[in-house]
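Colleague: Hi, have you got a moment to walk me through this model? I'd like to start with a helix and then move to a strand.

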Amino acid sequence: MNKNIFAVAIAALGFVVGLSFLGNAIKNRNKSENTISVTGLGTKQFTSDLITWSGSFSKNNVDLKSAYDELATDRKVINDYLLSKGIQQKEIVFSSVDIQKQFRSYNDSNGNYVQGEFSGYNLTQKVSIESKEVGKIENLSRNITEIINRGIEFTSSSPAYFYTKLATVKQEMIASATKDAKERAEKIAENSGSSLGNLKKATMGVIQITAPNSNEDYSYGGTFNTSSKEKEASITIKLEYEVN
């Protein structure tokens, strides 16, 4: 009899403890579920304040020294031309000379490629400019045919545009995205008859810089457009709040 009473008592105690654990589990589960996750967006449009531009020129000659001398002549003409356009000497950078041996090549009667005799040297050099005078370099890149008209074999690349105050823009966008996310969370909580509690987690996305009103794709690692002078940057912030 005593054994039966003891067994019942143990069972009852186990039932009470079980209910306690179940109650805590339900409470913790509900606490975990009572959260709001929202994503805010911050955007900013700005104009580039730094430009880079480059071009290359070359000379061919069977004699290496003659090719060097001819390239040096062209380099001086290009340098003087750039100075005449108001470019500062410190902004003009000439790369080292790239030397390539040239050979006359042909296919034999069986269609096999044959490298023929040496035909001369091809020397190529690159000139590049980095400047904060964006408009001036833009005009220069558009009118570079003036160098070609001087008998120089010159190839111009498209300008690349950058912004030197990007860190400031990023801070402004983060603040804007955070405000946007919080306002969304407050609205959701209000509509559900609740109020926001503590911020549990904040996750920042990568910065995306594209041309305004373009169809450029965003990249997982971030996009950085350099072909457009006008730019639009965006960033997302994901916030997770407790709900009271």
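Modeller: Sure, below we talk through a helix, the cores and a strand.

Modeller: Bear in mind that this is a predicted model, where local features need pLDDT of at least 70, side-chain atom pairs count only at pLDDT 80 or more, and totals for chains, interfaces and linings use all residues. Residues are numbered from 1 along each chain as its sequence is written, and side-chain values use heavy atoms, with hydrogens and water left out.

Colleague: Great. How many residues does helix H2 have, and what does it reach from its first C-alpha to its last?

Modeller: H2 covers residues 64-84, which is 21 residues, and reaches 30 Å, close to the 30 Å expected at 1.5 Å a residue. That expected span is 1.5 Å times one less than the number of residues. Helices (H or I, at least four residues) and strands (E, at least two) are DSSP runs, numbered from the N terminus.

Colleague: Which residues of H2 are buried?

Modeller: Ala67, Leu71, Asp74, Ile78, Asn79, Tyr81 and Leu82 are buried. Seen down the axis of H2, they fall within an arc of 160°, so they line one face of the helix; the arc is that of the directions from the helix axis to the C-beta atoms. On the other side of H2, Lys65, Lys76 and Ser84 are exposed. Buried means under 20% relative accessible area, exposed over 50%, and partly exposed in between (1.4 Å probe, protein chains only).

Colleague: And what covers the buried residues of H2?

Modeller: The cover includes strands E2 (50-61), E3 (92-94), E5 (113-131) and E6 (154-156), along with helices H3 (134-142) and H4 (145-148).

Colleague: What follows H2?

Modeller: Gly86 does, with a positive phi near 90°.

Colleague: Switching to cores: how many residues are in the largest nonpolar one?

Modeller: That core has 22 residues, and Ile78, Leu82, Leu140 and Phe154 have the most contacts inside it. E2, H2, E5 and H3 each give two or more residues to this core, and the largest share, 5 residues, comes from H2. A nonpolar core is a set of buried Ala, Val, Leu, Ile, Met, Phe, Trp, Tyr and Cys residues joined through side-chain atoms within 4.5 Å.

Colleague: What does Leu140 touch?

Modeller: Not counting residues up to four places away in sequence, Leu140 touches Trp53, Tyr81, Leu82, Lys85, Ile87 and Ile129. Contact means heavy atoms within 4.5 Å. There is also a second, separate core of 18 residues, which includes Val38, Val169, Tyr241 and Val243.

Colleague: Now E11. How many bridges join strand E1 to it?

Modeller: 13 bridges join E1 (residues 35-47) to E11, and the two run antiparallel. Gly42 has Ile235 in E11 as its bridge partner. E8 (residues 196-204) and E11 also pair in the antiparallel sense, over 6 bridges. Two strands pair if DSSP finds at least two bridges between them.

Colleague: Ser234 is in E11; is Ser234 buried or exposed?

Modeller: Ser234 counts as buried because its relative accessibility is 5%. Its side chain makes a polar contact of 3.0 Å with the side chain of Tyr218. A polar contact is a pair of N or O atoms within 3.5 Å; within protein, one must be able to donate a hydrogen and the other to accept it, and residues adjacent in sequence count only if both atoms are side-chain atoms.

Colleague: What about Glu232?

Modeller: Glu232 lies in E11 too, and counts as partly exposed at 25% relative accessibility. A polar contact of 3.0 Å joins the side chains of Glu232 and Gln45.
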